[in-house]
Amino acid sequence: MPNNAQLNLTPPISIRNIMQNGVICENVVDEALMPSGSVNFAINLHGDRIGSATVRDGITLLGTQIVDDKGIKGLHQALDTGTGTNDRLIAVCDTTWYALISDVWTAKRTSLTTNTKARFTNFIDLVFGVNGVEVMQTWDMGGGNFTTTSAVSAPSATFIDNFRSRVWAAKTSGNPSRLYYSSVASSGGTILWTGTDSSFIDVAPGDGEDITGIKKFGTGLYVFKNSTIYRVFSINQTEPDPQILVGTYSQESITVAKDGMYWHHPSGIYRLRKGETNPIEISRPVYDIIKNVTRTNYSEVSSWNDDDHCYFSVGSISVYGITINNCVLRWTISTEIWTIYSYAQNLIVGNTYDNSNAIDRVVGDDDGNVYTFNSGNTDNTIAINYELETRWLNLSGLRSEEKVIKQLAAIHENMQGAEVGQRTGSKNRLEIEPIGSLEDQESIFNSLSINAKRIKLSIRGTSNSGSSIFQGFEILDWTNEGIIS
């Protein structure tokens, strides 16, 4: 028999701060400590409107497909000084480096090794490009093509950046731990390379790891290996031993945002702020996702950022018995919360593009397409699927008590047709039981009889019109049956 004498004194319960703390995976924090404004699982919904869940924006094709079935292996905006009339977006696909000119992808360097990643840096009104195989070349963003201007005798490097009035290039096939540097730029705006036998720094060449990336940040040039980072401050000052003991497998995973530098390592996603000597791991709330990034994708993780977010494309993820296709993790800088996206396309590289009308983010996929990111209401005409599941709710404060939900409301804007569901503590992630479909902005579901000690509520739907917002649940009528032995 129930031992609770106040079974009918159960006021309605509002569950409205639905995404205030973003996604916190259920295996990271016990349900008793899970913040009320968090959800255990959400796909393609973000919390920028604090306290509600909004369907993300889409992606829109930029120009036309470059080469069918070939991945975009590099994206870079070439910039010059002055009016910037020659500023160009560069995309690397198959055997060619292209520039977007009047919305047409125009070849600027051809006959390269197929499907080779390329990296670029802007310096002395040239864009310098390397791919680890062919010789370094430069382009002035004009009507001509890439040439060897200011790159004669430069190494055939894999990574490149500019720092302290020089161009720095790292990792060749013969010297995978070597960091090369050019001369200082002359008053006439040129640089020289003295050849591959001098003007270099060997970075721990005997430690068994190759250089995996370089990035200028603050007052240093950071040289990444798989498990360490070395800092270079000038041609005469570098660390003999690493101070940072977590590196990266992917140059493309490194991004510098407004509050620091971020990168991916198999153990998590890390942030280093200016003035700090050690990074912090920020990805613990989504560790269920991080630990399921496949080994083959470690070197393929890519990142980009906008005014308040960092994005990490980590490939398709299998977790909780389901697959998150083309998963992108999004970190919100201002509120420090995580959200999880899934795209119809595999986004393998991203960058910033100032087209003179707007500063956009652009991404490239594995099928020769470049898209404007966070643009439109679909993934290049494909509707966006979304779903959300709350944290565990025990309603009364005691998990051991049996509850019965009789009436429930779901509050939303422009989510008509989405399916509301539930599962109790005896059900797994694939056993969601339907409650009904959303209709009015305050959709009420009557005549329910959901028996549970604890429950997760969920929604799932498809959007192609934008402005779809889920604001939460209201449990209008329920009883506490007490502890039934």
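This passage describes a four-stranded sheet and two loop residues with positive phi in a predicted model.

Strands β17, β18, β19 and β20 form an open sheet in the order β17-β18-β19-β20, and the pairing is antiparallel. The edges of this sheet are occupied by β17 (213-217) and β20 (237-238). Each of these two strands has a single partner strand, so one side of each is left without a neighbour in the sheet. Strands of a sheet pair through backbone hydrogen bonds, in either a parallel or an antiparallel sense. Between strand β18 (residues 220-224) and strand β19 (residues 229-234), the antiparallel pairing extends over four bridges. Leu-221 has Val-232 in β19 as its bridge partner.

Two residues in loops were examined for their backbone angles. Most residues other than glycine have a negative phi. Arg-164, which is not a glycine, has a positive phi, near 50 degrees. This arginine lies in the loop that runs between β13 (159-163) and β14 (166-170). The relative accessibility of Arg-164 is 49%; because exposed means over 50% and buried means under 20%, Arg-164 counts as partly exposed.

Glu-336 also has a positive phi, near 55 degrees, and is likewise a residue other than glycine. The loop that holds Glu-336 is found between β27 (322-332) and β28 (337-342). With a relative accessibility of 42%, Glu-336 counts as partly exposed.

Note on methods:
Residues numbered from 1 in each chain as written. Predicted model: local features only at pLDDT ≥ 70, side-chain atom pairs only at ≥ 80, totals over all residues. Heavy atoms only, no water. Buried < 20%, exposed > 50% of the residue type's maximum accessible area, 1.4 Å probe, protein only. Pairing = 2+ DSSP bridges.
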